[in-house]
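This briefing goes through a protein model by topic, for reading beside the sequence and coordinates.

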Amino acid sequence: MQSTIIQTAALPVMESFYTLQGEGFHQGKAAYFIRLGGCDVGCVWCDVKESWDADKHPQVEISTLVSEASANPGRIAVITGGEPLMHNLGGLTKALHKAGFRNHIETSGSSPLSGSWDWITLSPKKFKAPLDEVCRQAHELKIIIYNKSDFAWAEKYAALVNKQCRLYLQPEWSRAADMTPLIVDYVKDNPQWQISLQIHKYINVP
């Protein structure tokens, strides 16, 4: 069953901050992150479980979000969560584009796509499958590797994304010591994949 899209002019914001993108293709670039509240996926190893309940976070007007983002020199805005596609993001992405931002999203793909995106990072979860429409439009597929069986699961979704989509395997942070060597060997044997490391955790930035 698909999620209900929340139509709103303001959005529940858990946090927003200026930092470096720590993962995937745009790793190391300056970016303004907007983390929205609300998630109906519920990964057991999620490191931002406090984002799940949208009602616990203040509603922030889109104009305020864009103004705060524009106070920084970087012009990449990353919309994340929670599951950001639980909300209608058309108004936010239109305003960010008007202010000169590239719009990036990090999503499980489990809710219908809304908004205008320059980069879609799809990170599907076993707890709620991504929609075909998001798989087809993803620029980057990021699979979290928690145990050995996740490699076969990664290949399942690699077959569903478009041929230009970049493929990343990322160790789940608490299992990084065990999983990273396995990912290294897997990428060496399957060079269509790349490894993604959460460098923001290694350099201690948000």
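**Strand S8 and its neighbours**

Strand S8 (residues 166–171) is mostly covered, with five of its six residues buried. The model is a predicted one. The points below begin with the pairing of S8 and then turn to a second group of strands, the nonpolar cores, the salt bridges and the cysteines.

- Strand S7 (residues 140–145) pairs with S8 in the parallel sense, over six bridges.
- Within that pairing, Leu169 in S8 is the residue opposite Ile143.
- From S7 the chain passes through H4 to reach S8, a β-α-β crossover that is right-handed.
- S8 is also joined to strand S9 (residues 193–195) by three bridges, and these two strands run parallel.
- Trwo residues mark this pairing: Leu167 has Trp193 in S9 as its bridge partner.
- A right-handed β-α-β unit is made by S8, helix H5 (residues 176–189) and S9.

**Strands S4, S5 and S6**

- Strand S5 (residues 102–107) has five buried residues out of six, so this strand is largely enclosed by the rest of the structure.
- Strand S4 (residues 76–80) runs parallel to S5 and is joined to it by four bridges.
- Val78 has His104 of S5 opposite it.
- Between S4 and S5 the chain crosses through helix H2 (residues 90–98), and the handedness of this β-α-β crossover is right-handed.
- S5 pairs with S6 as well, again in the parallel sense and over four bridges.
- Here Ile105 stands opposite Ile120, which belongs to S6.

**Nonpolar cores**

- In soluble globular proteins, nonpolar side chains tend to be buried together.
- The largest nonpolar core holds 42 residues, and those touching the most other members are Ile79, Leu89, Leu92, Leu141, Ile143, Leu169 and Trp193.
- The element that gives the most to this core is helix H4 (residues 150–158), with five residues.
- A second core, separate from the largest, has five residues, among them Phe17, Ala31, Phe33 and Ile76.
- When neighbours within four places in sequence are left aside, the contacts of Trp193 include Leu141, Ile143, Ala154, Leu167, Leu169, Tyr186 and Val187.
- Trp193 is also in contact with Glu155, Ala158 and Tyr168.
- Ala154 lies in helix H4 and is buried, its relative accessible area being 0%.
- Not counting residues up to four places away in sequence, Ala154 touches Leu141, Ile143, Leu169 and Trp193.
- Ala154 is 128 residues from His26 in sequence, and their C-alpha atoms are 20 Å apart in space.

**Salt bridges**

- The structure contains four salt bridges, including the three described here.
- Arg35 and Glu15 form one of them, with 2.8 Å between the closest N and O atoms.
- Because Arg35 belongs to strand S2 (residues 30–36) and Glu15 to strand S1 (residues 10–20), this pair ties together parts that are 20 residues apart in sequence.
- Arg35 counts as buried at 14% relative accessibility, whereas Glu15 is partly exposed at 29%.
- Asp150 and Lys126 meet through their side chains in another salt bridge, at 2.5 Å from N to O.
- Asp150 lies in helix H4 and Lys126 in the loop between strand S6 (119–122) and helix H3 (132–137), so the parts tied together are 24 residues apart in sequence.
- Asp150 is buried, with 4% relative accessibility, while Lys126 is partly exposed at 47%.
- The side chains of Arg175 and Asp178 also meet in a salt bridge, at 3.4 Å from N to O.
- Both partners are partly exposed: Arg175 has a relative accessible area of 23%, and Asp178 has one of 48%.

**Cysteines**

- A disulfide is a covalent bond between the sulfur atoms of two cysteines.
- Zero disulfides are found in a search of the whole structure.
- The cysteine sulfur closest to that of Cys135 is in Cys165, and the distance of 8.9 Å is too far for a bond.
- Cys165 is accordingly in no disulfide.
- Cys135 is buried at 1% relative accessibility, and Cys165 is buried with a relative accessible area of 8%.

Note on methods. Residues numbered from 1 in each chain as written. Predicted model: local features only at pLDDT ≥ 70, side-chain atom pairs only at ≥ 80, totals over all residues. Heavy atoms only, no water. Core = buried A, V, L, I, M, F, W, Y, C linked by side-chain atoms within 4.5 Å. Buried < 20%, exposed > 50% of the residue type's maximum accessible area, 1.4 Å probe, protein only. Contact = heavy atoms within 4.5 Å. Pairing = 2+ DSSP bridges. Right-handed = clockwise from strand over helix to strand, strands pointing away. Disulfide = S-S within 2.5 Å.
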